[in-house]
Structure formats: structure tokens, C-alpha cells
Amino acid sequence: MTPEQRQLFERAVVAHRRGDLEKAAIDYAALLDEVPDHVDALQMFAMLRHRQGDPRRALALLDTALTAAPENAAIRANRSSVHLALNDFAAAETDAREATRRDPTSFGGWLNLGLALLGAEKPARAASAFARASALRPLDARAFLEWLSAAARSQQTFGIDERMRQPLPALAKWRNLAIQTAIQLENHGNATAAFVLLTQLRRESSADAEIVALQQLQTSYAKAALLEQQGKTDAALGAAEALLLNHPNHRGTRMLRASLLAERGDADAALAEYHRITALFPDDAVAASAMLIAMQHDPSVSAGEIADGHRAWAARFAASIDAPEIARADDTERALRIGWISPRFFSGLVADFFVDVLRRFDRSTMHHVLYDSGGVEDAITAEFRAAADEWHRVDTLGDEALCARIRADKIDVLVELSGHSPGNRLRALAARPARAQVSWLDYFHSTGVPAIDVLLSDAVLSPPDLSKNYTERVARLASGRLCYSPTSRAPDVKPRVDGPVRFCSFNRITKINDEVLACWSEILGGVAESVLRLKARAFDSVDDRAHFLRRCERNGIAPSRLELLGYGTRDETFVAYADGDIALDPFPFSGCATSFDALWMGLPVITMIGETMVSRQTASILTSLQLEECIASDRADCVRRAIALGSDDSRRRALRLGLRDRMRLNVCDVEQHASELTTALREAWRISCHSAVHSASIV
């Protein structure tokens, strides 16, 4: 350009920036008459026309600029903005994607991509794009709020809690979007982020009555939740119910109330609350999964209803869409890459039943990659890391990014370890990031998700005549679904000293519904002077303890027949079992680790078998131990068998002294269990190789 032309351009830009659009337009037009391929002038003039409400003219100018500079990402980003104004979301997405491809640091490209995807009703993908934009400009309020809003809508809030601990942008300019975003966060299960957002907004707009009211509501909810964490559950329940009088649709408070009711063993009331929540928030996949778990605790819900519920969840939240067929594979015997994903690679059930198995896999045939989707670590996490061939933290990755990570790692068989338990990633697995996908360990039911191919189980938990309740193909492990790893910390089993018969149950109170208490009342009544020892976290709370005692009295169990112990340590659990005689299993949600521990300490477990996997957990263990005499078919049979064993000192003594050896022989062979798991995973791979599968995309 000549100096005069450069001066003309600068004059146009100055006029444009001060809002004198007519003057700027005259100067841009004059310059383009002389230099028709001036890229910057074409772009600036285009955005001016766009601002004046003439998107067609703007597009024409940008097309000319793109012809002059086809590699220019900014032109693509600007053209995407114009397409957005015309509600042409497909064209906007195309241009925005091209902008970000040519320049991954294009803030406008990522922001416009998010807006285009949002307009096309693809909030999960939009959230990923907005997150990229926000990472580029952390203090840009719009990108930040659009990310939070889209993430909330799609329940893809991974990484948001971490972001909320960092400095936030000024929000007052975007007041309405900020308020709507806070409401979206609350309504979709992220009350903490909603509280932080509203607190920041209130600091900036302390006189805004709507903001003050919303922030006070979240503060009241936070106080109720804190009461629950402090074990003041009567006060927490009262605060929640008082809050719901004026705000009946507050999602966090309803979820808190449901959780409090469940933890107290009020199974029917908890399930009723979850039904209310899912009716109020039909797009809430997390609440819907919580309801599925609540259904399995309620004795009035049939196995068929539970199976239908899981299928309905999958149809709504995990349907396969945009799913191109993956070509068949023919290399069935090569070494495989096995992925294992869980939010609970720390102390607990996953550790109890998986760490030792992971150590014993044959590394010549399989390479094991662990995906930590929870991000919570303790001493046991280090053991998982050491036992894995690869370890990846994925707790901040949304579904799309998680799938991309798994595909990039070339995982052949992916095993999910959580089912519908909190923190699950079933919606990501619905997009099939691995050819073969398997469910195992920390959930005792079919997931209902079509993209999960195999459920690892056993012949008692999942007999063929109950196959109608499963969407997966069931692989039945001969040694049982789980293998018990004994701990050296458990004391030796010794003969019981004189004293009344002591029944025990160390299961969560969530499992002990009123039908269970009524059954146990009959058992205590049939064994003179017997006592019932219970051990649970709930008894560390004065309120929960008192509530439970009231429930017991209503069901005919006097306080004098009860020994209530708090949660304590695993070592204390074994000590508490040491002077017990018989363990009583709750129903319909039977014990798992608790039953293994009781049997290891020499206590036979009386269980009542049902039609769901959760009602057959202890029955599966007892069958492996050839103790079918402890498996009842109904409540009357359960009472009869418990009373008979409680009245037979010699039989109890024989079982007590022989159970540990019987367990070592039948349910503790970790080498055999690792071999059976390997065979099952290889078979899952073989079947997938000979069938077409579909890889879906996240929307």
C-alpha cells in the first residue's frame, strides 16, 4: 500500500472503533476501490456490515477476503459469526472448525464452534468447544459462562469444580447469562459451581434482588448439606423439607432429601423422592441412575421393573446415534490392550476385589491400561498404579475427550467397573470407544446400555432363566464373579465362649428396610436371649442411631436385643465379627464384601435369594462354598433356617472352625480368577471380531 492508502485504512479503523460506522464504511469502500484484495479492510468492512444488520453483504466481503487469503483462520472465524446471525448453524460449524484447524489458538473459532453446536442442539460437543475458548481467555466472561451452561445441560461438568477454584471473570456485564447458567448448574447436579458463581455475581451486584435471593437459596441448601455431613441428619432433613416448602423444584435439596431417606433405610420414601426428581428433571441422567439404585433397595419393586428401568435409562441417555460401522477384525489371538475405567481406584470394594487380580494377569497376552475417572487418591491408589501397565487420570475429560483418549490408546476391550454407581461414564461408553466393552465388579445389574457387550457374572448371580433381565451377553465365571483376597490383619477364628447367640449384620443401613427388620424380629423371637449386632456408619450419627432404634421398636425389636457399633476400621470389623455366631443378610439388596468378611471370620450367613443380581450376591458365595443350607427361598424360610442354625450349637461350631479353609479352597484362588477373567475378555474380543459393531459420536 501507498502511505496514503495506509492512512486511509487507519482512519477507517479509528472511525469504526469509536462507533462512527458511516464514516468508516466510506473509508473502507474507498480503500477497496483502490486495493480490492486488501484482506484486513475486507474483514473489517464485512464485520461493520454485519453489525449494521447486512449479513449477506458481510458474507460477500468475507468470501472475497478468503479468496485472497485462503489460509487465514480469522476470516473463517468471522464468517462463522455471520452464519450464526443467519441461524445457519451447519455453515457456522464448518467455518469454525476450519478456523480452529488452521489455528488451534483461535478464540473466536472455538467460541463460534460452541455457539454453532449449541444452536444445533449438541450441548456436549458445544461444552468441549467453549472449554477450549475459555482456556484460551480465562477471564472472558461469555466463553466461561457458555462453557458452564452447555456443560450443565449435557451433564459434562468434568473439570468445572477445579476451574471454580481459580479466579473468575467479571460477570455483571453478562448478568442474565450468569443467572441462567447458575440455574442450569443447579438443575443438572452441580450445586457447588452454582453457589460459587452466584457468590461472585452477588459481590459485583449486591443490590440486585434476584441475584441476592438466588444466592441465599444456594446458601440455605449448602447449610442443609453441611448438617448432613456433620451427622446432624434430623436437622438436615428438617432444613431440606423447610426449603422445599418455598422452593419445591430445587434439585439439590430434593437429591439431599432422597439421600437422607435412603441412608436411614426408608427405601420406599427414598424411591418416591427419586421419582419426583426424575419427573421434574427428565434430562438428569445422574438422578435417573440414582433412582435405579434406589429401586434395587425397595422390596416392593420387581426384577422386571428394575430391568425395564435400566433399558429406559439407556434409551434416553445412551442411545447409539451417528454410529458408523466398524470393520470386522480377524486377528483374534494377538496380544490385547485392555482398558479398565473406574472412579474408585482407592480403598474400597474395587480395591478389595481387583488389585490382586490385576497383579496376576499374564502380561504376555494382555496389556492393562487403567483410566481413573474419579481423581480421588489414597495409599491404595499407588498400588493400582504400580500394578497397571499404564495409568491415566481422565476425571476432567468430558465424554467426547474421554472417547478420543481411549481410541488414541487403541484399547481393544474396555471394562467399566461402576455400572450406574456415582461417577460412572456409561454415556461415554455408549459411543463405543473400544470394539468390545464389558461391565464388571462395582455394580450388580445389567447396565441396559446396548454398547456394553458383556456382563461378567456367574451361574448363581445370573442364571439362564433370568436372562430376560440383561441386555448384555452374560459371561459366567466358573469360580464366581468375585475372588476374595484374605487379609493377614484378620484375627484367627476361635471357638465362641459361652453367651447368648449373637446374630450380626454389618451392611449399610440403606439395605435394612422395614421388611428386613420385621424378619429379623421373628428370628430374635425364635432364639431365646439372642442379640443382634449391627455395625454401620449411620450409628456414628446420634440422629441416625435414634431413628434406627425407633424403626426397630416399630418392628418388634427391643433396644435390649441390639448392639449398635459405628463404622470404624476394617480391623475393627474383623474383631467385631470374632465373637459373633451367625450373619444375617438383608434383602433384596444382599451383602457382598460384608458376607465374604463374615464367612472369613467363621460366621455362616443366612440369605434370602431373589431374582435380581443384588439379591443373589451372598447366595452365589454360599453356593461356591457348598452351603446351600443357608440360602432361603422366602421370608418364612429365612426365619426358619436362621432359628434352626441359632439353635444348633454343634453345627455352628463345625462351620466356624471349617469356613476359613473352605473359603481358601473355593473363593480365594486369585490365580484361577485372573485366568478366568482373561479367558472371558479374550472371548469378548473374539466375538466382537466376527461381528459388526457401531462407533457412535457424542452429541
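**Helix packing and two parallel sheets**

Helix H19 and helix H30 are roughly perpendicular to each other. In this predicted model, the two pack at an angle of about 75°, and their axes are 9 Å apart. That angle falls in the range of 65 to 115 degrees, which is why the pair counts as roughly perpendicular. H19 covers residues 349-360, and H30 covers residues 670-689. On the H19 side the contact is made by Asp356, Val357 and Arg360, which meet Val670, Glu671, His673, Ala674 and Leu677 of H30. Sorted by type, the residues of this contact come out as 4 nonpolar, 1 polar and 3 charged.

H30 also has a place on a sheet. It lies across S2, S3, strand S5 (413-416), strand S6 (436-439), strand S7 (454-457) and S8, and its direction is at about 140° to that of S6. The sheet in question is open and has 7 strands, in the order S4-S3-S2-S5-S6-S7-S8, with parallel pairing. Strand S4 (390-393) and strand S8 (473-476) are the edge strands, each pairing on one side only. Going from one strand to the next, the twist averages 25°. Within this sheet, strand S2 (residues 336-342) and strand S3 (residues 366-372) run parallel and are joined by 7 bridges. Glycine 339 is found opposite valine 369 of S3.

A further open sheet is built from 6 strands in the order S11-S10-S9-S12-S13-S14, and here too the pairing is parallel. Its edges are strand S11 (562-565) and strand S14 (631-632); each has a single partner strand, so one side of each has no neighbour in the sheet. Helix H27 (residues 617-624) packs on this sheet, where it touches strand S13 (605-608) and S14, and its direction makes about 125° with that of S13. Elsewhere in the sheet, strand S9 (residues 502-505) runs parallel to strand S10 (residues 531-535), with 4 bridges between them. Cysteine 504 has arginine 533 of S10 as its bridge partner.

S13 deserves a separate word. Strand S12 (residues 582-584) runs parallel to S13 and is joined to it by 2 bridges, with alanine 583 partnered by valine 605 of S13. In a regular strand, side chains alternate between the two faces of the sheet. In S13 both faces are covered: Val605 and Thr607 are buried on one side, and Ile606 and Met608 are buried on the other.

Away from the sheets, helix H7 (residues 107-119) makes a neat check on helix geometry. At 1.5 Å a residue, its 13 residues should span 18 Å, and the end C-alpha atoms are indeed 18 Å apart. Of those 13 residues, 11 are buried, so H7 is largely enclosed by the rest of the structure. The buried set is Phe107, Gly109, Trp110, Leu111, Asn112, Leu113, Gly114, Leu115, Ala116, Leu117 and Leu118. These residues pack against helix H5 (73-85), helix H6 (89-102), helix H8 (123-136) and helix H9 (141-153). After H7 comes glutamate 121, with a positive phi near 60°.

Another helix pair, H17 (residues 285-295) and H18 (residues 303-317), has axes that come within 10 Å and cross at roughly 170°. That makes H17 roughly antiparallel to H18. Ala285, Ala288, Ser289, Leu292 and Met295 of H17 meet Glu305, Ile306, Gly309, His310, Trp313 and Phe317 of H18. The contact breaks down into 7 nonpolar residues, 3 polar and 1 charged.

A charged side chain turns up in helix H2 (residues 21-34), which contains aspartate 27. Aspartate 27 has a relative accessible area of 3% and is buried, since anything under 20% counts as such. Setting aside neighbours within four places in sequence, aspartate 27 is in contact with Leu8, Arg11 and Ala12.

As for the whole protein chain, it has 30 helices and 15 strands. The C-alpha trace spans about 110 × 65 × 40 Å along its principal axes. Of its 699 residues, 56% count as buried. Among contacts with a separation of 6 or more, 68% come from residues 24 or more positions apart.

How values were computed
Residues numbered from 1 in each chain as written. Predicted model: local features only at pLDDT ≥ 70, side-chain atom pairs only at ≥ 80, totals over all residues. Heavy atoms only, no water. Expected span 1.5 Å × (residues − 1). Buried < 20%, exposed > 50% of the residue type's maximum accessible area, 1.4 Å probe, protein only. Contact = heavy atoms within 4.5 Å. Pairing = 2+ DSSP bridges. Axes fitted to C-alpha atoms, helices over the stretch in contact; angles between N-to-C directions. Parallel < 35°, antiparallel > 145°, perpendicular 65-115°, else oblique. Nonpolar A, V, L, I, M, F, W, Y, C, P; charged D, E, K, R; others polar.
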